[in-house]
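Please open the model in a viewer and keep the sequence panel visible. The stops below are meant to be selected in turn.

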There are 4 protein chains.
Amino acid sequence: MSEFEESGIGEECGVFGCVAAGEWPTQLEVAKVLTLGLVALQHRGQESAGIVTSNGVNPPTYNTLKGMGLVNNAFPPENLLKLRYGNLGIGHTRYSTTGISELQNCQPFVVDTLHGKIAVAHNGELVNAAALRKKVMRHGVGLSTSSDSELITQLLALTPPMEELDAPDWVARIKNLMHETPTSYSLLVMYTDVIYAIRDPYGNRPLSIGRLVPISKLHTAGAGEGETEGWVVSSESCSFQSIGAKYYREVMPGEIVQISKHGVKSLSIVPRPEGDLPAFCIFEYVYFARPDSIFEGQMVYTVRQRCGRQLAIEAPTEADVVSTVPESATPAALGYAQQSGLPYVEVLCKNRYVGRTFIQPNTRLRQLGVAKKFGALTDNFTGKRVVLVDDSIVRGNTISPIIKLLKEAGATEVHIRVASPPIRFPCYMGINIPTKEELIANRPEFEDIAGYIGATSVRYLSVEGLLSAVQGGIPSLQGKDGRINTNASRRVGHCTACLTGKYPVELEW
Amino acid sequence: MSEFEESGIGEECGVFGCVAAGEWPTQLEVAKVLTLGLVALQHRGQESAGIVTSNGVNPPTYNTLKGMGLVNNAFPPENLLKLRYGNLGIGHTRYSTTGISELQNCQPFVVDTLHGKIAVAHNGELVNAAALRKKVMRHGVGLSTSSDSELITQLLALTPPMEELDAPDWVARIKNLMHETPTSYSLLVMYTDVIYAIRDPYGNRPLSIGRLVPISKLHTAGAGEGETEGWVVSSESCSFQSIGAKYYREVMPGEIVQISKHGVKSLSIVPRPEGDLPAFCIFEYVYFARPDSIFEGQMVYTVRQRCGRQLAIEAPTEADVVSTVPESATPAALGYAQQSGLPYVEVLCKNRYVGRTFIQPNTRLRQLGVAKKFGALTDNFTGKRVVLVDDSIVRGNTISPIIKLLKEAGATEVHIRVASPPIRFPCYMGINIPTKEELIANRPEFEDIAGYIGATSVRYLSVEGLLSAVQGGIPSLQGKDGRINTNASRRVGHCTACLTGKYPVELEW
Amino acid sequence: MSEFEESGIGEECGVFGCVAAGEWPTQLEVAKVLTLGLVALQHRGQESAGIVTSNGVNPPTYNTLKGMGLVNNAFPPENLLKLRYGNLGIGHTRYSTTGISELQNCQPFVVDTLHGKIAVAHNGELVNAAALRKKVMRHGVGLSTSSDSELITQLLALTPPMEELDAPDWVARIKNLMHETPTSYSLLVMYTDVIYAIRDPYGNRPLSIGRLVPISKLHTAGAGEGETEGWVVSSESCSFQSIGAKYYREVMPGEIVQISKHGVKSLSIVPRPEGDLPAFCIFEYVYFARPDSIFEGQMVYTVRQRCGRQLAIEAPTEADVVSTVPESATPAALGYAQQSGLPYVEVLCKNRYVGRTFIQPNTRLRQLGVAKKFGALTDNFTGKRVVLVDDSIVRGNTISPIIKLLKEAGATEVHIRVASPPIRFPCYMGINIPTKEELIANRPEFEDIAGYIGATSVRYLSVEGLLSAVQGGIPSLQGKDGRINTNASRRVGHCTACLTGKYPVELEW
Amino acid sequence: MSEFEESGIGEECGVFGCVAAGEWPTQLEVAKVLTLGLVALQHRGQESAGIVTSNGVNPPTYNTLKGMGLVNNAFPPENLLKLRYGNLGIGHTRYSTTGISELQNCQPFVVDTLHGKIAVAHNGELVNAAALRKKVMRHGVGLSTSSDSELITQLLALTPPMEELDAPDWVARIKNLMHETPTSYSLLVMYTDVIYAIRDPYGNRPLSIGRLVPISKLHTAGAGEGETEGWVVSSESCSFQSIGAKYYREVMPGEIVQISKHGVKSLSIVPRPEGDLPAFCIFEYVYFARPDSIFEGQMVYTVRQRCGRQLAIEAPTEADVVSTVPESATPAALGYAQQSGLPYVEVLCKNRYVGRTFIQPNTRLRQLGVAKKFGALTDNFTGKRVVLVDDSIVRGNTISPIIKLLKEAGATEVHIRVASPPIRFPCYMGINIPTKEELIANRPEFEDIAGYIGATSVRYLSVEGLLSAVQGGIPSLQGKDGRINTNASRRVGHCTACLTGKYPVELEW
């Protein structure tokens with residue numbers, strides 16, 4: 001239970017694509033691969049899910065399946081059966097927001113153009129969406145949803161207006177789109193028999209490519225290219241394990257990669273403005289991504305562990321035990337314990353069945369608060385001074401009852417150590433963050449945050465500490481002496497806007 | 001059980017709109033009026049339903065509710081509660097087609113334009129839809145559905161491209177649209193605080209206006225204009241009764257009517273090409289419409305009764321009793337009985353609970369066929385010669401087991417009398433008809449149709465007989481002598497394309 | 001729309017059984033026959049449905065399927081597939097009552113006894129249920145439901161206590177039960193490979209036997225016994241048509257019939273007390289049964305028509321047209337029209353999609369009342385004096401807005417003719433009737449019932465008239481001269497308790 | 001992911017009861033307390049859930065709510081609203097079994113007796129159920145389910161047969177029941193205004209009592225008896241935290257406790273046969289219970305940790321790291337790590353969204369196996385020798401692909417250490433265990449279990465080691481010198497039948 005989870009902070013989406021290699025029609029059952037791939041990206045979005053497959057012939061037949069809720073609920077068995085498997089396809093899972101469920105916002109978005117259908121799946125948020133919406137509407141196009149994905153499809157179709165005679169140059173259209181909007185997007189565009197995988201020039205959202213091999217060859221080094229059964233592309237590499245794919249590489253910032261049955265081909269890299277560094281979202285490391293995903297050559301779990309170690313260096317504590325707010329903070333807590341030499345114990349046991357209940361809370365239930373989701377493992381901390389590591393404090397109302405629970409159950413001191421810096425600024429690039437006023441770091445109570453939440457002490461990881469924990473493990477940055485390679489560091493950068501207010505591009509509103 | 005029903009012949013849609021009169025915010029609960037109005041149009045479409053309401057201020061807030069299935073299922077109670085009632089709104093009910101349910105095809109279609117949102121509900125089918133789709137796609141617009149409604153909204157937004165500075169002249173845009181496509185559409189366009197109600201120049205689909213009055217004044221002649229609580233517009237006037245509205249008038253072929261809180265205003269009539277007559281779909285009279293609806297000043301029930309009378313004149317029978325295939329053929333059967341002087345009896349009792357069952361039919365069940373939906377009221381026909389009136393024979397496989405049932409249960413003769421002419425041609429204007437090859441009237445078996453279906457004899461109403469039954473009751477056509485007023489007849493006309501192959505406009509494909 | 005329907009008067013249940021003839025395992029798909037049979041009895045109960053099949057070997061395997069709602073909803077396809085078809089089985093459909101749905105009350109009721117499982121399906125209501133419940137509870141048996149069916153199964157098991165050594169004599173136990181409770185029940189008891197079909201000694205509830213024949217032989221007189229594919233037993237013979245069965249005979253009052261693969265065998269007839277006549281519920285004729293069902297050798301439709309004729313004799317009217325409140329009153333209305341010589345027309349068109357809506361009625365909707373379910377076919381009655389035949393007036397609040405609708409739409413007079421006598425007394429034998437105070441016939445307003453409901457005049461059929469209409473058509477009662485055969489009449493009788501207060505047995509409470 | 005979970009080993013049920021203290025009607029919202037209490041026991045059963053409340057007056061009104069699936073799904077919001085809250089109530093959550101869902105088996109079981117309704121909720125399995133069923137059936141009682149709960153209610157009602165005049169002595173009836181069946185049951189019996197909480201004489205299943213206090217007093221020592229808001233009784237004390245209750249005490253083996261608004265009262269202790277020790281199920285400690293529950297004065301988590309420590313003593317390993325198969329084996333793994341001095345790391349990351357999917361597995365998916373539920377945290381074990389602690393090996397087919405995954409991802413050795421002895425025998429007291437033939441410990445492959453599952457080595461905890469880990473922490477057993485108090489040990493005992501084949505009572509079949 002992270003404060004992120006409780007506070008409604010969340011990723012906007014996950015995208016996933018698959019192209020069968022070799023002869024078509026394929027035996028690969030692309031729709032099943034897509035579905036399992038999306039299940040592995042489920043933490044990036046639980047509101048709705050969708051997949052679109054293509055048979056890959058010209059003109060192609062597209063089959064679409066969309067539904068509200070988790071992937072396994074969104075695609076009922078009778079509909080999965082109806083879906084022709086296809087030879088390639090893309091899928092999308094969407095973040096849960098409140099309100100009347102809107103199937104029409106569900107991605108992938110498919111539109112018919114003069115040259116046939118394209119399907120688009122998008123993770124991110126266009127910083128200049130408002131201006132772009134005006135632009136397409138000025139052309140006389142009506143927009144039926146508020147989603148960036150529809151906007152992207154219309155921009156691809158619109159600019160320049162289509163000519164009936166020529167085949168469309170989709171790559172040129174994609175480049176054109178990338179020049180019109182600098183960030184934030186990881187994008188899959190399917191057209192007939194090919195998927196284009198695109199990351200914005202700042203590389204703000206992740207996107208990785210994997211290779212499907214025979215299951216028997218999955219973990220052997222020697223599965224040659226000839227044994228490739230298909231290619232997949234995913235917001236996170238954690239999905240590769242569940243479908244039997246090997247990690248291949250990341251899509252680079254600004255890169256357009258074409259994936260077809262013939263393989264993976266880099267078509268172009270749209271550059272950033274001179275002098276701008278990449279701006280990969282640092283919170284993918286801190287919280288959003290699954291710990292077994294790999295970004296920039298390093299495993300997310302290990303980065304979190306380093307954050308915990310760095311935190312122990314920056315904010316050491318006189319205490320008896322180190323523990324975690326399960327489950328997302330565990331690697332940081334283990335890192336803190338290792339660095340500090342204090343023993344790691346579990347102090348809370350999560351009731352995994354507590355979910356959305358229909359019971360209207362009364363006073364008694366409200367008073368119990370989030371603590372009702374946890375059992376206290378009192379033997380492990382009674383009479384002890386506890387360092388409790390969490391990955392964030394957003395509003396401060398989640399950690400507070402947990403501290404109370406621990407203290408009343410016998411902890412003599414509860415020191416909160418947060419494995420990331422305070423969040424102070426909104427994100428305009430795809431993350432759902434409470435308003436500035438709701439963020440505890442911007443409120444008067446922050447002056448005495450320990451008193452406010454009832455902790456013995458509270459310390460955060462510094463921005464510098466976070467950056468060093470993240471960047472210190474990127475292979476390309478590691479010089480022979482273990483120090484950061486200064487040359488390479490010119491090509492590495494992370495977006496810390498929510499912590500520092502420094503946005504990678506100027507915001508236009 | 002009509003052959004139409006069994007054969008999957010059906011109307012494409014129903015549309016309904018409502019504007020509260022007087023001061024806003026209204027007490028009228030527009031969303032409830034829309035829902036009940038759609039329930040009364042349910043026979044025009046059971047696949048999905050949708051409503052969109054507007055609060056009518058500038059810029060407006062639109063609220064949308066859509067769902068699959070019957071109106072009462074499509075809008076679950078919790079969602080209806082969430083819907084703000086609004087001061088005006090439009091709704092739509094869609095015909096049931098097969099395949100994976102597609103909520104995205106559900107109307108009304110709402111798009112955001114440079115000048116705000118418009119909502120469109122459409123009944124009909126654009127004869128030149130393919131050419132129009134190409135046109136908007138050539139402009140670089142992607143189309144996300146195959147529905148004419150999206151096409152219409154994009155055409156309204158597109159032509160001419162929108163200017164940011166000026167207010168949009170929606171009426172000009174609507175006229176422009178009407179010049180681009182001659183038929184078939186009855187259309188509701190909602191923009192902020194007004195609904196435009198439009199019928200195509202041929203008047204192919206119906207559209208009527210009603211006036212909401214205090215319930216206590218509903219049936220009194222004297223409810224003055226000042227007592228108007230709101231205005232409604234509906235595919236059929238049958239819906240007025242259920243919401244407490246009085247019939248006001250039809251929208252004329254080619255007319256654009258503006259409905260606002262200030263009342264009903266005719267803005268324009270877009271003319272047909274010189275010499276063309278209107279082409280109101282004659283099957284609205286024969287089968288589609290509810291019998292209590294009023295078209296062209298006459299009640300549908302009465303027209304069907306006249307068809308039965310005319311049939312008795314054209315095809316008299318030596319028989320003992322006249323009966324109906326319940327329920328849609330009953331007025332025609334009563335008309336036949338009255339004209340022929342033969343007694344009217346019921347011979348079949350319909351099991352109203354037989355619906356879509358999940359049971360896979362085995363040989364036994366298949367052999368029972370449609371007859372399992374009916375009980376034979378044997379006392380009424382054993383040992384008798386029966387005239388059985390139906391409203392149509394489409395494929396011939398529905399009436400056949402009914403005849404068998406009657407004969408085996410003791411009818412000595414079964415004479416089929418069909419209260420409409422044979423259907424031979426496809427409809428391109430909004431009606432779902434089997435392919436030409438499936439229509440019994442185009443097949444070799446038609447030579448001996450009586451033998452084929454097992455009847456003693458089969459006779460159809462003639463096209464001329466149908467036209468005279470329909471047109472003979474239109475008030476404006478009745479001269480003082482009871483004969484048709486020749487002058488007026490120049491302004492009256494009906495589409496009989498499915499019977500005669502004469503389409504009101506040249507078909508472009 | 002009958003007042004019965006609107007007033008919540010309803011039958012308690014329908015029962016249906018089937019045994020495959022010939023060699024087992026059968027090809028008959030007994031579960032499908034049961035399901036379709038129950039669909040045809042759906043008018044007798046919509047709350048829940050259940051079927052139990054047996055493979056018929058010793059010890060038998062029983063399979064049970066139960067669900068809430070209509071038969072087609074209660075048995076979802078995946079469950080129907082799971083059901084092994086069995087060689088025999090019984091089913092039940094239950095009347096809709098309000099409150100939290102209670103699957104546990106759903107029949108058939110199956111219990112395991114020392115000698116194996118028995119399954120029971122029951123239509124009716126035991127007049128001495130309270131005393132019998134006390135009796136079994138005094139034996140130390142707990143009852144888990146309030147249903148008579150569980151009570152019956154426990155009574156069958158309990159009396160006399162079971163002996164382990166002997167085979168149980170179920171027939172003796174059934175007889176014992178019949179001596180403990182005189183009425184009201186039509187009962188199916190399944191045990192291993194046999195179904196016992198039982199009617200109480202008064203024959204209060206109906207029960208008929210049918211014979212499944214090859215579909216091709218369904219309507220031919222010559223289908224010999226050798227061609228029997230199975231036997232069915234049903235609350236009403238209307239279900240035979242839908243499954244391809246021929247009417248065989250009724251179970252007699254007090255009779256225990258054994259149905260097995262070897263055929264139908266009458267085991268015993270438990271007599272009534274000396275001097276008591278049978279008491280078949282007269283409202284099965286008046287309202288509950290489907291018109292194509294056959295009781296006592298006559299078709300229900302024809303009885304209703306005779307009621308209408310008798311009403312025309314008892315209560316003639318100066319009027320222009322005769323009509324019906326659709327649909328259940330139609331045969332009576334046609335009978336009235338035939339007898340009176342007045343023309344029969346339709347004045348109301350029912351919206352078959354109006355059902356349970358989730359919309360909370362506001363004042364406007366409430367004022368519209370039941371009239372929103374009907375369209376007025378004004379052409380047929382404007383300026384005319386209308387005789388409107390209904391089958392009952394229960395509370396008087398349904399017919400009232402219909403009369404208002406007709407008058408305001410132009411009827412000059414509306415004469416209500418009711419094809420049954422006023423209901424004044426509660427039923428304790430299986431019919432759900434409003435309390436005595438709610439019945440209009442017991443209220444002061446009844447003095448001027450015409451004024452109260454707004455009719456020009458109101459007349460009811462007399463009890464004698466009803467009895468003569470019902471009994472005058474029973475074949476065994478018709479002497480050669482057309483008069484009632486006095487000898488036979490000693491063996492015919494009907495329960496008119498709700499009309500006269502004369503209950504067939506003394507009530508114990 | 002424990003092998004237990006994957007193998008379908010599971011507890012049969014959880015029970016929960018609540019009585020409001022003080023004046024009635026209570027403000028406590030008993031139904032909400034019951035629901036939340038059941039959510040906290042959800043790990044003991046996910047098939048169905050039910051609650052019954054009583055208003056506590058004489059005669060009482062009982063309200064029942066039952067449903068299939070998880071508690072939050074089983075009680076939809078509209079039904080929870082309908083439930084009157086009541087002043088006391090009991091609830092039940094049932095283990096998931098396969099097959100057609102059977103709502104009728106859902107507990108609590110309520111029956112009406114001569115003296116009113118009793119409700120029963122049961123956890124356990126009667127060892128002599130078959131004989132008892134025969135007994136009640138011989139009395140002439142039919143049993144409608146195969147559940148022990150119905151059997152218990154009928155036994156309570158039956159013996160001795162009820163007398164109408166006297167008030168029933170339920171306690172005598174309960175004692176009578178306890179003499180008829182020695183084990184296994186923890187039972188809640190509600191009658192009007194009181195709940196009887198009963199554990200069988202062997203104490204085979206757990207049952208604990210808690211005290212509801214004002215939330216503000218929840219964790220303070222000083223909440224006096226006077227501040228009691230109600231009493232709860234639960235299969236496990238872990239549920240107390242979620243509803244704001246303090247742990248009070250366990251129900252003793254053989255004890256009948258009466259809980260009323262006046263408090264908790266021990267009525268009787270039914271003894272075991274001379275010389276028999278208690279037989280609390282040792283697998284409650286090993287696997288079933290939630291780690292924060294307290295049995296016999298000790299926390300389950302701590303017992304599991306001790307098992308891990310003991311395992312490290314019995315089966316030390318040359319290795320680099322210790323890890324867990326998440327999540328249930330984590331305390332044992334941490335214990336192993338602490339005892340052995342090896343570092344604890346995480347090697348697997350569980351995808352918490354992988355659940356029941358509708359996708360039909362193809363060859364590729366089947367080959368991936370359980371590994372698709374886990375991500376490998378490779379950085380933590382590549383090139384290392386891993387000790388992987390699991391809580392059990394049941395069939396051996398779950399751990400095998402995990403070992404393969406670790407080895408292929410770079411682990412040089414994988415040593416499996418199992419924190420419990422091999423399971424070899426069936427359980428007849430409430431635990432669902434595969435057949436003897438399916439248990440890996442009974443199969444030839446067990447000879448070379450390491451080779452069979454692909455591990456470098458496999459070692460189990462000994463039965464003696466398990467017993468010492470469990471009993472060594474029971475407070476009453478700890479003498480002053482830390483050694484086991486021999487006197488007290490005569491009153492402590494655990495059922496190890498599934499490990500040793502020694503059942504606490506002779507089995508009658």
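The tour goes from the whole chain to a sheet, a helix and a group of cysteines.

This is a predicted model, in which local features need pLDDT of at least 70, side-chain atom pairs count only at pLDDT 80 or more, and totals for chains, interfaces and linings use all residues. Residues are numbered from 1 along each chain as its sequence is written, while chains are lettered from A and ligands numbered from 1 in the order in which they are written.

**Whole chain**

Begin with chain A, which has 17 helices and 25 strands (DSSP runs numbered from the N terminus: helices are H or I with at least four residues, strands are E with at least two). Of its 509 residues, 57% are buried; a residue is buried if 20 or more other C-beta atoms, placed from the backbone, lie within 10 Å of its own. Contacts require C-beta atoms, placed from the backbone, within 7 Å. Among those between residues at least 6 apart in sequence, 73% join residues at least 24 apart.

**The sheet**

Next, select E6, E7, E8, E9, E13 and E14 of chain A: in that order, these six strands form an open antiparallel sheet. Two strands pair if DSSP finds at least two bridges between them. E6 and E14 (263-269) of chain A stand at the edges; each has a single partner strand, so one side of each lacks a neighbour in the sheet. On average, neighbouring strands are turned by 20° against each other, direction ignored. In the middle of the selection list, E9 (194-199) and E13 (255-260) of chain A pair over four bridges, and A:Tyr196 stands opposite A:Gln258.

**The helix on the sheet**

Now add H6(A), which packs on the sheet by touching E6, E7 and E8 of chain A, its direction making about 135° with that of E7(A) (axes are lines fitted to C-alpha atoms, for helices over the stretch in contact, and angles run from 0 to 180 degrees between N-to-C directions). Eleven of the eleven residues of H6 (148-158) in chain A are buried. Its packing partners also include helices H5 (129-138) and H7 (170-180) of chain A.

**Four cysteines**

Finally, select A:Cys281, A:Cys427, A:Cys495 and A:Cys498, where an unreviewed UniProt entry places a "binding site"; such annotations may be inferred rather than shown by experiment. They are spread over 218 residues of sequence, yet the largest C-alpha distance is 10.1 Å. A:Cys281 lies in strand E15 (280-281) of chain A and is buried because it has 28 C-beta neighbours inside 10 Å. Its contacts include A:Met429 and A:Cys495.

Terms used
Buried ≥ 20, exposed ≤ 12 C-beta atoms within 10 Å, placed from the backbone. Contact = placed C-beta atoms within 7 Å. Lists of a residue's contacts leave out its neighbours within four places in sequence.
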